[in-house]
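Let's take a walk through this fold, one helix pairing at a time. Have the viewer open and follow along.

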Amino acid sequence: MPDLLTRLFRRRRDHGLTCRELVELVTDYLEDALSSAERARFESHLGACEDCATYVRQMRETLVVLGQLPGETVSARAEAQLRATFREWKAGSAPHS
Ligand SMILES: [Zn+2]
């Protein structure tokens, strides 16, 4: 579906944030640690990119689950697990790099 890919690529470029950058920012976003400018860019990418919108929704749900576990290093462990989960998910379903 070249038309779809072209549209996704254009949208991503229009909004100034790549999917890779979004992945790097997602934990800060979910922890409310982004500046208002970063948050605005993040959310405009989410509005234009279904892949990332799905990813962030899954991340949020996973964080809720992990947040209920005991332990003081949940945050670092959760981040590692989520990144691994994302790599698998991305490898399995995403047509772009
Ligand atoms: Zn994206």
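Is the crossing of helix 2 and helix 4 left-handed or right-handed? It's right-handed, meaning that the near helix is turned clockwise from the far one by less than a right angle. Before going on, note that this is a predicted model, where local features need pLDDT (the predictor's confidence in each residue, from 0 to 100) of at least 70, side-chain atom pairs count only at pLDDT 80 or more, and totals for chains, interfaces and linings use all residues. Numbering starts from 1 along each chain as its sequence is written.

Now look at helix 2 (residues 19–30) against helix 4 (residues 50–66): their axes, lines fitted to C-alpha atoms over the stretch in contact, sit 11 Å apart at an angle of about 30°. That makes the two helices roughly parallel, a label for angles under 35 degrees. On the helix 2 side, Cys19, Leu22, Val26 and Leu30 do the meeting, and their partners in helix 4 include Val56, Met59 and Leu63; contact here is C-beta atoms, placed from the backbone, within 7 Å.

Helix 2 also packs on helix 3, with axes that come within 11 Å and cross at roughly 120°. So helix 2 is oblique to helix 3. This crossing is left-handed. Here Leu22, Leu25 and Tyr29 meet Glu38, Arg39, Phe42 and His45.

Just past the end of helix 2, Asp32 takes a positive phi of about 65°.

How far should you trust all this? Mean pLDDT is 79 for the protein, with helix 3 (residues 36–48) highest at 93 and helix 1 (residues 2–14) lowest at a mean of 59. Where pLDDT is low, don't read the predicted coordinates in detail.

Key
Axes fitted to C-alpha atoms, helices over the stretch in contact; angles between N-to-C directions. Helix = DSSP H or I, 4+ residues; strand = E, 2+ residues; numbered from the N terminus. Parallel < 35°, antiparallel > 145°, perpendicular 65-115°, else oblique. Contact = placed C-beta atoms within 7 Å.
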